[in-house]
Amino acid sequence: MKNNGKKQMPLLPLRGVVVFPNMVMPLMVGRPKSMAALEKAMVDERFILLCAQKEDSLDEPGPVDIYNIGTVAEIKQLIKLPDGSIKIIVEGLYRAQIHDFLDEESHFEVEVKEVEEEEEKTPEIEAMMRMVVDCFEEIVKVSKKIPTEVVVTISNMEDGGRLADVLVTHLNLKVKEQQEILEALSSLDRLEKLYKILEKEHEIISVEQKIESRIRKQVEKTQKEYYLREQLKAIKEELGNYGEEDDEINEYRNRMEEIDMPEDVQEKVEKEMEKLSNMPPMSAEAVVVRNYLDCILELPWSQVSEDRLDIEIAKKILDEDHYALEDVKDRILEYLAVRQLSPDLKSPVLCLVGAPGVGKTSLAKSIARALEKKFLRISLGGVRDEAEIRGHRRTYVGSRPGRIINAMRNAGVGNPLFLLDEIDKMSTDFRGDPSAALLEVLDPEQNHEFSDHYLEVPFDLSKVFFITTANVEYTIPPALLDRMEVIHLPGYTEEEKVQIAKNHLIPRQLKEHSLNSDGLKFTDEGLQGIIKLYTREAGVRTLEKKLATIMRKVARSMVEQDVTNIVIQEDNVSIYLGPPLYRQSLVQGEKRIGVATGVAYTETGGDILDIEVAVVPGSGKLILTGQLGDIMKESAKAALSYARARQKVLGLPEGFHNEKDVHIHVPQGAVPKDGPSAGITIAVALISALGEKNIPGDVAMSGEITLRGRVLNVGGIKTKVLAAHRGGILTIILPRENEPQLQEVPDYIKKEMNFVLVNHMDEVMDFLLGEEERDNE
């Protein structure tokens, strides 16, 4: 709309940018008022006034916050983006001045008038144009930011005002400076302002060049000094006058003299120091040599700590920190006794094998405290690179010593207690086998000369007390297992867990939650309720989590409701822990056909599991499911062959192996299972299914079976018995050969349970079927 040379159009405020006439520029628009202005412009003639804001930080500028003079532009392209914003391409047409703001609600609608510019070219303007072009050419010559093609373009321009507008777009100017040039309506005035800016820019670039030249000369001076230094060294060598060594080499030599290190190591250090003295100080190779010298001089070649060998104090500390675990405690006390008699005794290499949460790692810390040894720990879980143990050779970039040497460097003494955690969880890939590298570390006959690839000299590990931990034995390579003294940590009984909770877990959690024993108490029955109904583990890790849960809820009650003197009993445990997670007894006590109860040794301790057998019409196939391992599959085949061989004695139907398919399934199919100890359990379930004989569900069993029906011994007896007891089973069938292992079972559990010891499968069936006959009488 025109009115006396004036036009009405929408206004788009710009932040951080000024658009000039004859300039094509993309703009991003996201503010609601600005987007409304674009929509209005697109509906009309696609013309819009572009004015810069005085302050970029304003999101909603008012009329006073916008410069009065801007550029009328035509919207060439409008694209709506997925994030809701709009991208436009505009072409500046002419300068215009705001005369009035007509609307400020949905968008800025303004009345503008085109600003008349001087068109006449005078000699003064011609002179200013030449000065501006010459100054710009000088800037282009020394600046790499402006393309040289721009000079050709501006040299052919005849209009002084347009020349100034074009040059501004190629300079890094502030909004205020650009606005001053935009508001300069006279071509001469515009060129003069631009010339001042160009002169200032040229001066800044000249200073930058001087600084760059000075830095280049400093670099050349450093290179020159290096060259002269090398010449001086050659001259001194010719004259036989080596002079004083520098302070760095002297410092390394003094450190070496303070350490009582082996002769071959001293020779190696001397060679490295000589090599360092002949290198440029700032070369990459010199940095590698310095790192090597720092590492080798920080190792404890002769520094040892004095061990505490007092048996009484050690026994007291071990008992304070851990309940039960007598086998490990006895082994440590035996070591102390022998050390008193033989001070040069080599430190043992112990491997603590047990379920998670039984206290393997904390026991190692307790042993270190009892012996007053420095405690080191590295986790081997997931380690699959041999270089993690032996280090990287110094030929590699970023090479470093292995974790063993690095830990010894941090320890500062040569006789710490070194815990290698999760040794059963190492793996192997194309980078080598870390378990093979550990053979030298854990072998008392070899570890006095342990070789790390980074050190390149032997280091004595024979004084180190190594303790390793594992959940299971079978994943540890036999050669590595042979070098360690294995001590099994069986799961805890309920009574032991109650004592551990009272003496260790509850005090620790009370301290962590800032509670006191007067405000929160646990009864023995309450602890037993937590253990039976909310945990199912060999250790006490889950038990501690449940205790922490109770304490958090108690702390909240104390803060919100001002409750004090809370007692956790068996009848109010569910208030804090919710419904029980487990039943009091896992055992199905009724008699069953085709199902027998076994006990297994697992990574998390012992567990009870049912073995199911189904007999269906078929052609004599044996179907095995439940993710069974090869050994367990062989046990199933042996059980089937035994049943066929004893068909008449056992009262099984004739020809079943030709007319029936036998399906053996072990529940919990997602969990891999293996081992020979389920042999008699599979045989019992198989005979029960084929002969339709009832088997009591509250009798568990474990033992390996042969083709002739002999029952052989198995491992993990204490753990299996504890698992059966936890599950409510009071009768368990075991191989007679395992009778000595029953001594490890606590007396109160032996009094509660009935142990049936057998040598042959016939004795197993006689006992089970005899029970059935007695029940029928």
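**Figure 1. Helix 10 and helix 12 cross in a right-handed manner.** This close-up, like those that follow, is taken from a predicted model. Helix 10 comprises residues 311-321 and helix 12 comprises residues 360-371; their axes come within 9 Å and cross at roughly 150°. Helix 10 is therefore roughly antiparallel to helix 12. On the side of helix 10, the residues that meet helix 12 are Ala-314, Ile-317, Leu-318, Glu-320 and Asp-321. Helix 12 contributes Ser-366, Ile-367, Arg-369 and Ala-370 to this meeting.

**Figure 2. Five strands form an open, parallel sheet.** The strands follow the order 9-10-13-8-14. Strand 9 (375-379) and strand 14 (485-489) stand at the edges; each has a single partner strand, so one side of each is left without a neighbour in the sheet. On average, and with direction ignored, neighbouring strands of this sheet are turned by 20° against each other. At one end of the order, strand 9 pairs with strand 10 (residues 417-421) in the parallel sense, over five bridges. Within this pairing, Ser-379 has Asp-421 of strand 10 as its bridge partner. Strands of a sheet pair through backbone hydrogen bonds, in either a parallel or an antiparallel arrangement.

**Figure 3. Helix 11 and helix 15 are shown with the strands that they meet.** Helix 11 (residues 326-341) packs on the sheet, where it touches strand 8 (349-354), strand 13 (465-470) and strand 14. The direction of helix 11 makes about 145° with that of strand 14. Helix 15 (residues 434-442) lies across strand 8, strand 10 and strand 13. Relative to strand 13, helix 15 runs at about 145°.

**Figure 4. Strand 7 is mostly covered.** Strand 7 spans residues 108-114, and five of its seven residues are buried. Strand 2 (residues 6-14) runs antiparallel to strand 7 and is joined to it by six bridges. One of the bridge partners here is Val-112 of strand 7, which is matched with Lys-7. Strand 6 (residues 86-103) also pairs with strand 7 in the antiparallel sense, over six bridges. In this second pairing, Asp-103 has Glu-109 of strand 7 as its bridge partner. A hairpin of four residues leads from strand 6 to strand 7. In a regular strand, the side chains alternate between the two faces of the sheet.

**Figure 5. Arg-394 and Glu-456 meet in a salt bridge between two loops.** The N to O distance between the two side chains is 3.2 Å. Arg-394 lies in the loop between helix 13 (387-390) and helix 14 (403-411), whereas Glu-456 lies in the loop between strand 11 (450-451) and strand 12 (458-459). The pair therefore ties together parts that are 62 residues apart in sequence. With a relative accessibility of 16%, Arg-394 counts as buried. Glu-456, by contrast, is partly exposed, with a relative accessible area of 42%. Both residues belong to a network of salt bridges that also links Lys-268, Glu-272 and Lys-275.

**Figure 6. A salt bridge connects Lys-502 with Asp-524.** The closest N and O atoms of this pair are 3.3 Å apart. Lys-502 is located in helix 17 (residues 494-512) and Asp-524 in helix 18 (residues 524-534), so the pair ties together parts that are 22 residues apart in sequence. Lys-502 is partly exposed, at 35% relative accessible area. Asp-524 is likewise partly exposed, at 32%.

**Figure 7. Lys-40 forms a salt bridge with Asp-44.** Here the closest N and O atoms are 2.5 Å apart. Lys-40 is partly exposed, its relative accessible area being 28%. Asp-44 is also partly exposed, with a value of 41%. A search of the whole structure finds 38 salt bridges.

**Figure 8. Lys-693 lies in the loop between helix 24 and strand 22.** Helix 24 covers residues 679-691 and strand 22 covers residues 694-696. Lys-693 is buried, with a relative accessible area of 18%; the limit for a buried residue is under 20%. When residues up to four places away in sequence are not counted, Lys-693 touches Arg-592, Ile-593, Leu-650, Ile-687, Ser-688 and Leu-769.

Terms used: Residues numbered from 1 in each chain as written. Predicted model: local features only at pLDDT ≥ 70, side-chain atom pairs only at ≥ 80, totals over all residues. Heavy atoms only, no water. Salt bridge = Lys/Arg side-chain N within 4 Å of Asp/Glu carboxyl O. Buried < 20%, exposed > 50% of the residue type's maximum accessible area, 1.4 Å probe, protein only. Pairing = 2+ DSSP bridges. Axes fitted to C-alpha atoms, helices over the stretch in contact; angles between N-to-C directions. Contact = heavy atoms within 4.5 Å. Parallel < 35°, antiparallel > 145°, perpendicular 65-115°, else oblique. Left-handed = near helix turned anticlockwise from the far one by under 90°.
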